[in-house]
Every structure is written in structure tokens, then in C-alpha cells.
Amino acid sequence: MDVGHLPASEFDSAGFEQTLMGSPEENPVPDMVQLLTIDGEVRHDPTYSSYVADLTADELRGFYRDMFLVRRFDEEATALQRQGELVMWVPMTGQEGAQIASGRALMPQDYVFPTYREHGVAYTRGLELSHLLRRFRGISHGGWDPREANFHLYTLVLAAQVPHAVGYAMGMARDRLVNPKLPEAATVAYFGDGASSEGDVHEGMVFAASYNAPVVFFCQNNHWAISVPTEVQSRVPLANRARGYGFPGIRVDGNDVLAVHAVTRWALEHARSGGGPVLIEAFTYRMSAHTTADDPTKYRLSADEEAWLDRDPLLRLEKHLRSRDLVDDAFFEDLREEGRNMAVRLRENVQAMEAPGFEDAFTDVYAEAHPLVREELNAHRAYEAGFADSDADPTAASREHTA
Amino acid sequence: MSTTMTMAKAINAGLRAALESHPNSLLMGEDIGSLGGVYRVTEGLKADFGADRVMDTPLAESGIIGTAIGLALRGYLPVCEIQFDGFVFPGFNQITTQLAKMHSRSEGNLSAPVVIRIPYGGGIGSIEHHSESPEALFAHTAGLRIITPSNPQDAYWMIQQAVACKDPVIVFEPKRRYWLKGDVDTSAPTSDPFSAQIVREGTDATIVTYGPLVPVALAAAAAAEEDGRSVEVVDLRSISPIDFDTITDSVKKTGRLIVTHEAPTFGGIGGEIAARVAERAFLSLEAPVLRVGGFHMPYPVAKVEEHYLPDIDRLLEALDRSFAY
Ligand SMILES: Cc1ncc(C[n+]2csc(CCOP(=O)(O)OP(=O)(O)O)c2C)c(N)n1
């Protein structure tokens, strides 16, 4: 490679299979854990198979249902953005397997630190999906109370949440020293392959290792950081980096729900029981645009997207369920109906979301009264009152300003 | 030779000219290659100059600025793109503790002529961290130069002047004006990038502003004209250093001053200008210097940002207050 030369961002289709499985000569790739083949057949893995052996038929159908519904949610949100109801949207299509399967491995007492694309994980935490849209409708910087579902707010400054997850996990471990009756718990930090280059990820991993924090780093390697391919972020599989920090790193087929579920359960148990941090790299693919403002045709070939089509996590699980006669056509028809109803409710919810009054923006700047904020609020009120026909802020009277 | 182009296109053309005239210059940033940047400001440059002159970097602002410093120490002229204003902070440490101080720390032996382009400001209806105006945070640090174009002509030349400058230069690009069209004279630079310019003459009051608010100030001045008030508008262009002579000369002529910017008023550039004018032209002032800026709050959500951003009405109201003295 020439000095200053970086890999072309056009994906090299010839090396595609090799990239998918990792090249043993160049990179000492830890085997990619896979429990379901692309055709939906079960593969045995000595370490991880046992972690999904107890899954019931209902739970397996549940995985499919979850993935189906969040995909439907994603489509609806994209449509809402196109119709001007949302200022932007971050689609997750293609990553349902990684998100649902890892989310379903969590216990209620675990705490999730997402980036901004973890809609599927949010769903597994029981978060009301329309709340995810408040931020994207431009009416809130948050949208939900993170304590309700132990699902933190989305973070737009990439990787900033990773040290938070580590610190929170350190706190969990301390709490149990004081009160051993508390349930064992862990945090999960979700981030992307691009974000893995940020200093915050490295510093978070150093702290996690130093303090043996019960944290699982869950990197969704969806191959693209907007237009930049993973090869620009790392020469080795991201999972390999864990070794350098001194904790286990596992590369898992991110479109295989069984494998992701098994690996995440293993990692969470390892972390909760005092084993320390684990890095999981879920090898997956973002099937659509980075956000609704993005144009993937500028940087990648549609052949690459197509090559991933038969790795679709939904399709793969469907094959498996059908081969075992665990589903029939009626199952899928009912699900489509459920998805339609959910989309209708979502749309209604979103359209009913009103913009806040501007005065609300003065209310939560500080937890305690702040004279400057009060002064500016009063000046703003006086200014607004100066307009005879002003459409006065309807929330002004009802909301007591605490500053 | 004069052509009409948008501001984004003007910066693109300016970068192209810089890459042509300085063989050691190079662009680096997230998504600036095949995609041409999220605002397409670098569109087509990788295709024409190659991947080693237009580098898609790993996603790491500290890494981008830090390696740019190293490249600059080695004789290169790196031009970094930070994707959005709110994402410069992972690189803030490198900018303030290293880049700004390289020249003074080395007692003048080293220089780090890094250029950092940051799309900034609001009005585009986006989400958190995509609409901020952090210029004062950088202006407070000695060793950095900070400029902000408000029209395509300046955009075209200022980026080239920044590349040619021996000091580190931060170019704050008003993103909501990327699509603003204007004439660009590509034959010669019009002025020193670190000087202010009077963009409208007036006799009764002065509005000092920069970047995205220049068109707003001009519109307010035009509206004030109908009320019989002649308002002068000064486009600051450079936030560090500030051309205080142009400002004080204008205030000595008009007697009144309003400073406006999108960044929060408290601790902002407007306060510095007000204080300097009080020191330099106190006896010329007919009224206290007034500031119209953002509030002491995080940049608000898209649906209410219009109340946050200084607009014509807020400027006219400030003019009324000034004339009430
Ligand atoms: C600190 C920071 N720098 C830049 C950005 C702009 N940005 C938003 S998403 C993105 C790409 C992220 O890629 P990756 O981490 O792989 O996650 P993905 O979106 O693919 O899930 C970039 C550069 C940002 N949000 N934060």
C-alpha cells in the first residue's frame, strides 16, 4: 500500500466471501460463531450451542415476530420521514438479527447504552416505539425516561456512551459489594464499526479491563460508517482487539439469531458473574441508507447489497422454522396484519405529537434555579408580548418555570 | 472572471484551487471521498486528485486533528473536515492543547498550518449536535485563527487563504447558507480574510454580525430603511483576530451598535465586541451596545429553533431599544 493510500471504498466483490468469513492467512480470525447456516440448518458449536438448546418453539417464533415487527416499524418510520413527519430517520433494516437476539439475552436489571440505531434493542426492552421517534420528529432531544426500561437515551456523538456504560457497570459491581442481595447485572454498550475508531471506545475498554467491569461491548459491524468501509477502521477483525485489552472478543454471525443470542447470553453471564468485560463483534450489514439523508449509490455497489440478501436474518429464521414445521402460512399472515395495525397506531401517535412551546427549552437547562436563564426567559417573554397578534406560547401559563 | 455559484460549490472550487496550487496540500475527514462529504462540499475531488490527496479517514476526530498536526509538522498542508459542529469535541483537546500552541511552545521553530473546516449553525431543521455555534470556545484559545465566510465570493477565497496561512485556521462554514448563490470573481482575492467588511453603508446604527446572519442583518437593515433609519451592516468575517478598527470606525459614525450571532449571547463574541467598543468609542455611543444572540440553553429542538435564531424582528426590536435611548 502506498503511503497515504487508503482502501478504496468501493467494496471488492471478488473478496466478498473471504471478507465474510475472514481470511485465516492474513488475519488470525477468531472463528465466526454461527449456529444457523444461511439455509436455516442448525450447526453445532461446542461452546455456544448449549446456550440456545433450551429455546422453546414459542421463543423461536417470538424472535421472528420481533424481527418482523421492528422491520415494519422501520419501514413506517422511513415513510413518515419521506412524508415530512420526521426531520430524519436512521434505518436499521438488515440488523434485526443482531439487535433482537442480543436484546432478548438481557435481564431486566441489565442496562443498555445504545447509539442511535438500536430500535430493535429498544423494542426488546419494552420501550414504546413511538417514543423513539420524538427525537427524529424534532420535538425532543431525548424522548423517554431511560430508567423505565433500563434503556439509555440515544447518543449522537459517536462512542460517547461507551465510557458511560463502563462507569455504570463499575457502579453496579460496587453496589453488589455493599449489598450482595442485589441481582447480578451488567451493562451493554452498543456501537458501530466506525465508532470503534473513536478514542472513547479505547478508553472505555481500558477502564473496563482495569476494573473488571461487568460490561459487554456489542459492536454491530454493519460494514459501513456512512460511506467509509470497515477496512478503513481496522485491519483485523474488530473482535481481535479485545485480546489487546485483556478480555475475550467474539466474532459472531450477526444475521444468525441463534448465534447472537447464544454468544450474548454467554457474555452477559460471564460479565455478571464477575468474569469482566467481553467484546462481541456482530458481523452484519446495513441493507439501506445510513440515514434518510444518505445516498449509498455514491459509495457502494448494489451487487454488495444483493450479495447480502440471502443472509437476511428474517429469511434465514423463516427457513429454519419452516423446515421444523414450527410455522405455517397463517402465522405469517397474522403477523402481517399485526404489523399493519402497529404501523397505523404508530402513525397516529406520531401525527399527534405536538411541538413543545419554546419556553420549555428554558426549563430543564439546570436542575436548580439559574439567574441567567431566568433573566433570559423574562426578556424573551417581554419580547414576545410586544407582538400584538402574537400566537402566545400556549404552555407558558401552564408550565411553572423553576429557574 | 466572474461566475455565479452556491457557497458549497464555491468552497469546492476553492479547495480544488488549493489542491492544484499547493502540491503538499491534502484533504482529510469522514466521508469526504466517494460521498463528497455529507454536504457534498468535497464532491468530485477524490476522483480528480486521488485517494492519497483526498483521504477518507477513520471515524475519529482526535485522530484526524492529531495526524493532521503530524503531517503539518512534516511539511504538508492538511485541510480537515469535521462533519458537524457538535462533533468537533472529541478533537477539541488536540485543537486547543496541541494545534493552537505548537508555534509558541516551540518558540517559533515549528508551525502547524492545519486548516479545519466546520459546518456550523442552525436553521436546517436537524437533530441534536447538528446546529451548534461553538466559535467562542475556540476564539478564547490563543494561537488559532477563526474565519467564517458569509457569501460565495468569500467562501471561494477564504479557504484558499486559510490553506496559505502559516497559522492554524478554523473555517466555520454557515451550513444553512451552503445553497446561497452569488457571484465569484476567480481572478484575484478581494481582501484580507482577517478583516471585516462593510456590506451595507448607513449613518444611524451599526449591526455587526458574521456567517449565517449576514443576510438576516441585511434584510433587517432594509426593513429599518422603511422606517427612515439608515443602518450600516458589518460582516466580521474573522472572529479571531477581530478587526476592531472597522467596527469602531463604524460606531463613531453611527453612534449605535447591535452585535448579533447565533451562538449563545452569554460569553459569546458579542460581549467581547461590546467591551472593546466601550473602551475605544465610549463617547461616540448614543446607547449601550446591545446583543442579539442565542439563549443560555442547549440548541433547542428543530420544531422551535426559529425562536432561538436571531431573525429580522429581533434585530428590529433591538434597534428600537437602541433608538429609545
Ligand atoms: C463524534 C462523531 N463524529 C461524527 C459523527 C457523524 N456520523 C454520524 S453516524 C456516522 C457513521 C457511524 O458509523 P458506525 O459507527 O459504523 O455506525 P452505524 O451508523 O453504521 O451503525 C458518522 C460519521 C458523529 N455522529 N459523531
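**A ligand site shared by two chains**

In this predicted model, the ligand is surrounded by 22 residues, and the closest are Tyr116(A), Arg117(A), Leu156(A), Ala195(A) and Glu61(B); a residue counts as near when one of its heavy atoms lies within 4 Å of the molecule. Because the surrounding residues come from chains A and B, the site is shared between chains. By class, this shell has eleven nonpolar, five polar and six charged residues. In this scheme Ala, Val, Leu, Ile, Met, Phe, Trp, Tyr, Cys and Pro are nonpolar, Asp, Glu, Lys and Arg are charged, and the others, Gly among them, are polar.

Which atoms of Tyr116(A) and Arg117(A) does the ligand approach? An oxygen atom of the ligand is 2.6 Å from an N or O atom in the side chain of Tyr116(A), and an oxygen atom of the ligand is 2.6 Å from an N or O atom in the side chain of Arg117(A). At Leu158(A) the partner is a polar backbone atom, 3.1 Å from a nitrogen atom of the ligand. On its own the ligand has 580 Å² of accessible area, and the protein covers 95% of it; such areas come from the Shrake-Rupley method with a 1.4 Å probe, and for residues only the protein chains shown count as cover.

Turning to the interface, chain A brings 49 residues to the contact and chain B brings 43 residues, where contact means heavy atoms within 4.5 Å. About 3800 Å² is buried between chain A and chain B, and carbon and sulfur atoms give 66% of that area. Buried area here is the accessible area (1.4 Å probe) that two parts lose on being put together, summed over both. His141(A), Phe358(A) and Tyr383(A) supply 18% of the area that chain A buries against chain B, more than any other three residues.

Two salt bridges are found across the interface of chain A and chain B, a salt bridge being a side-chain nitrogen of Lys or Arg within 4 Å of a carboxyl oxygen of Asp or Glu. Arg135(A) forms a salt bridge with Glu128(B), with the closest N and O atoms 3.0 Å apart. Ten residue pairs between the chains are in polar contact, both residues at pLDDT 80 or more. A polar contact is a pair of N or O atoms within 3.5 Å; within protein, one must be able to donate a hydrogen and the other to accept it, and residues adjacent in sequence count only if both atoms are side-chain atoms. On the side of chain A that touches chain B, helix 15 of chain A gives the largest share, six residues. The residues of that side divide into 27 nonpolar, 13 polar and nine charged.

Away from the ligand, a few local details can be picked out. Over all chains the structure holds 40 salt bridges, including one between the side chains of Arg61(A) and Asp58(A) (2.8 Å, N to O). Both residues lie in helix 2 (residues 57-82) of chain A, three residues apart, about one turn of the helix. Helices (H or I, at least four residues) and strands (E, at least two) are DSSP runs, numbered from the N terminus.

In chain B, Ser34(B) is found in the loop between strand 2 (25-29) and helix 2 (45-49), and its side chain makes a polar contact with the side chain of Lys46(B) (3.1 Å). Asp31(B) is placed in the loop between strand 2 and helix 2 of chain B, and its phi is near 70°, a positive value in a residue other than glycine. A cis peptide bond joins Ser240(B) and Pro241(B). Most residues other than glycine have a negative phi, and most peptide bonds are trans.

Residues are numbered from 1 along each chain as its sequence is written, while chains are lettered from A and ligands numbered from 1 in the order in which they are written. Local features need pLDDT of at least 70, side-chain atom pairs count only at pLDDT 80 or more, and totals for chains, interfaces and linings use all residues, with side-chain values based on heavy atoms and with hydrogens and water left out.
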